[in-house]
Amino acid sequence: MRAQQDGGAEEEKSGRRRWRFPPRGRPLRGRRPSLRVDYPRGGRRGVRRWLPSWRQLLLVAGTGAAALTGWLVWFYVNTAVPEDLNSFATQQNNVYYWADGTEMARIGPTNRQEVPLGQVPEPVQWAVLAAENETFYTDPGISVTGIGRAVVQMVTGGDTQGGSTITQQYVKNIYLNQRQDMSRKLSEIVIAIKLDDRMSKQDILAGYLNTSWFGRGSYGIQRAAAAYYGKDVSQLDPSEGAFLAALLKGAGQYDPGVGAANRERAEERWSWILDRMVEVGKLSAAERARYTVFPEPKPQPKSAGLSGQIGYLVDMARTYVESHSDITPAQFDLGGHQIRTTFEKPKVDALAAAVREGTAGIDPDNREADRLLKVGAASVAPDGRVVALYGGPDYLKQGFNNANTSTVPIGSAFTPVVYAAGLSQGAQRQRGGTRTPVTPATTYNGDDGVNVMTPEGPYWGRDGKIVKTANDGKRNWGTITLRNAVEQSVNGPLMQLGMDVGLDRVQKTATDLGLLPNSLGELVPALGVGNSTPSALRTADAYAAFAAGGNHTDPYSVLAISRNGVQLPLSLPTAVQALTPAVAGEVDAALKGSVRDGAATSVAEAGPGLAAKPGTTADRTAGWCVGYNGQLSTAVTVFRADLKDMKLLSLEGLGGAAPDTSDAALPTRIWTTYMKSTGAR
């Protein structure tokens, strides 16, 4: 039914009414239409009922735009520029504490010194501008395209710092707020716009150069010039300026003193910055051609307070904080932090004393076999706390941490991990066949030189020969149980066990116990007898799980951190069940059997209830002793290497020992002395 009036039409359909408006120019007479929004849309069926009209879309968009504009105006008006742009930091020390709360080290103060922009050579200024913000002198303090990229990155979870102008970076510096959220980014943009209107470009650039972090504890380009080149900023040439400009992208990634990868990145960016200076017309091609050799910075001097073992401990604690909290290296260098570590001074001292006593007969001046000897050791509690560390003779003389290196093969000290994998996973000796249980009583051929087998037959090595087992001293043991093989350190059965279990499954067990994937060796038979290169720290932590009923906790070196008394968030590891208690108990029993009447009987004098395993490598490049007493798991490794290339050398004849002396002899003496002196039971 349809009823019609002069000015409009009313339609009745299916019990619903809808108003039609009259044609343009004709007045509406009669009943006035309702102001209710026509949504869902009447007179439409199916999906069309839920599709808004273009008028409705314009209404929503206009309302949203008006609200957003109003909010942005309010935000702009109410965001204030800091009164004192340079009062961004108080120079303070970072203080490290032993586990008992007593002070261990005080590092600082922040290294900062302001200089006028006129003292910074113009080519150095332009090295920074070419790298960071070539339109600095013409932009309004912000980059619209850069902000767009930053917003997209923020929405998608990327890095929100991309696209910032130097003015924005200066604002971020003075705020010292590294939060990656929309509020911080908007504040940065608003203040940058206001700052660009209030300050000259020269003053902004001077402020930026004086507040930026260049690494090595240095804030400001003046102290950076001193830290990297030992000179005043006014003496820098364009090449040196280009390197310092490269550091602004992230000193932790571009300081060549950190490592080879850093140096490669630094040299690449240094060269790129010089090329950019030519492109923007601030360096001639002829002058660029003069700078073809990377301006190598001087080595970083070490604080006198880091002598002995302290430097190794501080380095490890700082690394843990930076990787397990929101504190950036730049924020850390500002100081004011109190770091409560897990290190126990009596145990650190006892470990260093044990190394000194154990190496008393080493004579590198008169014995070739004693030269370039390195000792690394770590002691870890079952809950993952690193209580002691021996990184080298003195941090100021050798910054390389022997206890945390991942270049030294673990050798036969890895076999308990293979044993644990076998007990957990069983063996599969036929391709596609069922897995059969492995027990401590499972027997293997313990003779030397036995062919290593796969389900298809002997394993052929890359040299075209069948791979054979190799026992210490080439001794034949006949048929032997796996437990006895672990106790007596018979390598052959454990190498074959690794093949039977599956080398990928052995690797999985190793990572479950905390060994880092990048330290694990190739999937070849040698994996079973230690071609992996875990650090002493990670090895001690893995063994701790055998004493803890299979519970494993990643090693950690910091208990808590605060700044000026305010506790800061810090992530600590949690325990995971890496092995069943039954499997862990069987490995523990074998390691205790090794001390009682096996390969580790010499450590028995250190006390009751000890479990230990000596370790050697087929090429005689490393010696180990790893074990625990229930409260403390300790790993000691010795090797010979030139730290310039880390090429490992033979340990044969070390300390004047007979050629057939086990390479595990020295680390075993050190381990025994230390565990005995700690008094832990």
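**Strands, helices and burial**

Modeller: Start at one bridge: Arg-563 has Val-566 as its partner in β18. The model is predicted, local features need pLDDT of at least 70, side-chain atom pairs count only at pLDDT 80 or more, and totals for chains, interfaces and linings use all residues. Residues are numbered from 1 along each chain as its sequence is written, and side-chain values use heavy atoms, with hydrogens and water left out.

Colleague: What makes β18 a strand by name?

Modeller: Names come from DSSP runs, numbered from the N terminus: helices are H or I runs of at least four residues, and strands are E runs of at least two. β18 covers 566-568. In total the protein has 21 helices and 23 strands.

Colleague: Why are β17 and β18 called a pair?

Modeller: Two strands pair if DSSP finds at least two bridges between them. β17 and β18 have three, so they pair, in the antiparallel sense. Another bridge joins Ser-562 to Gln-567 in β18. The two strands form a hairpin with two residues between them. Asn-564, in that turn, has a positive phi of about 50°.

Colleague: How many bridges join β9 to β17?

Modeller: Five, and the pairing is antiparallel. Thr-341 has Val-558 of β17 as its bridge partner.

Colleague: What joins β4 to β5?

Modeller: Four bridges, and the two strands run antiparallel. Val-95 is matched with Arg-106 in β5. β4 and β5 also make a hairpin, with five residues between them. In its turn, Gly-101 takes a positive phi of about 95°.

Colleague: Which order do the strands of the sheet follow?

Modeller: The order is β5-β4-β9-β17-β18, an open sheet of five strands with mixed pairing. β5 (103-107) and β18 are the edge strands, and each pairs on one side only. On average, neighbouring strands are turned by 25° against each other, direction ignored. Helix α12 (residues 310-323) packs on this sheet and touches β4, β5, β9 and β17. The direction of α12 makes about 75° with that of β5.

Colleague: What makes Ser-557 count as buried?

Modeller: Buried means under 20% relative accessible area, exposed over 50%, and partly exposed in between (1.4 Å probe, protein chains only). Ser-557 has 2%, so it is buried. Ser-557 sits in the loop between β16 (551-552) and β17.

Colleague: Which residues does Ser-557 contact?

Modeller: Contact means heavy atoms within 4.5 Å. Neighbours within four places in sequence aside, Ser-557 contacts Met-316, Ala-317, Tyr-320, Thr-341, Thr-342 and Phe-343. The side chain of Ser-557 also reaches the backbone oxygen of Met-316 at 3.5 Å.

Colleague: Is Ala-582 buried or exposed?

Modeller: Exposed, because 55% is over the 50% cut-off. Ala-582 belongs to helix α20 (residues 581-597).

Colleague: Why is Phe-294 called buried?

Modeller: Its relative accessibility is 5%, so Phe-294 falls under the cut-off. Phe-294 lies in the loop between α11 (285-288) and α12. Among the residues Phe-294 touches are Phe-243, Pro-256 and Trp-270.

Colleague: Why is helix α17 described as largely enclosed?

Modeller: Eleven of the eleven residues of α17 (491-501) are buried, so the rest of the structure largely encloses it. These buried residues pack against α15, β12, β13, β15, α16 and α18. Just after the helix, Gly-502 has a positive phi of about 115°.

Colleague: What makes α2 roughly perpendicular to α10?

Modeller: Axes are lines fitted to C-alpha atoms, for helices over the stretch in contact, and angles run from 0 to 180 degrees between N-to-C directions. Helix α2 (residues 122-132) and helix α10 (residues 260-279) pack at about 100°, with their axes 9 Å apart. An angle of 65 to 115 degrees counts as roughly perpendicular, under 35 as roughly parallel, over 145 as roughly antiparallel, and the rest as oblique. Therefore α2 is roughly perpendicular to α10.

Colleague: Which residues make that contact?

Modeller: From α2 they include Pro-123, Trp-126 and Glu-132, and from α10 they include Arg-269, Trp-272 and Met-277. The contact has eight nonpolar, no polar and three charged residues. Ala, Val, Leu, Ile, Met, Phe, Trp, Tyr, Cys and Pro count as nonpolar, Asp, Glu, Lys and Arg as charged, and the others, Gly among them, as polar.

Colleague: What share of the protein is buried?

Modeller: Buried residues make up 49% of the 681.

How values were computed:
A polar contact is a pair of N or O atoms within 3.5 Å; within protein, one must be able to donate a hydrogen and the other to accept it, and residues adjacent in sequence count only if both atoms are side-chain atoms.
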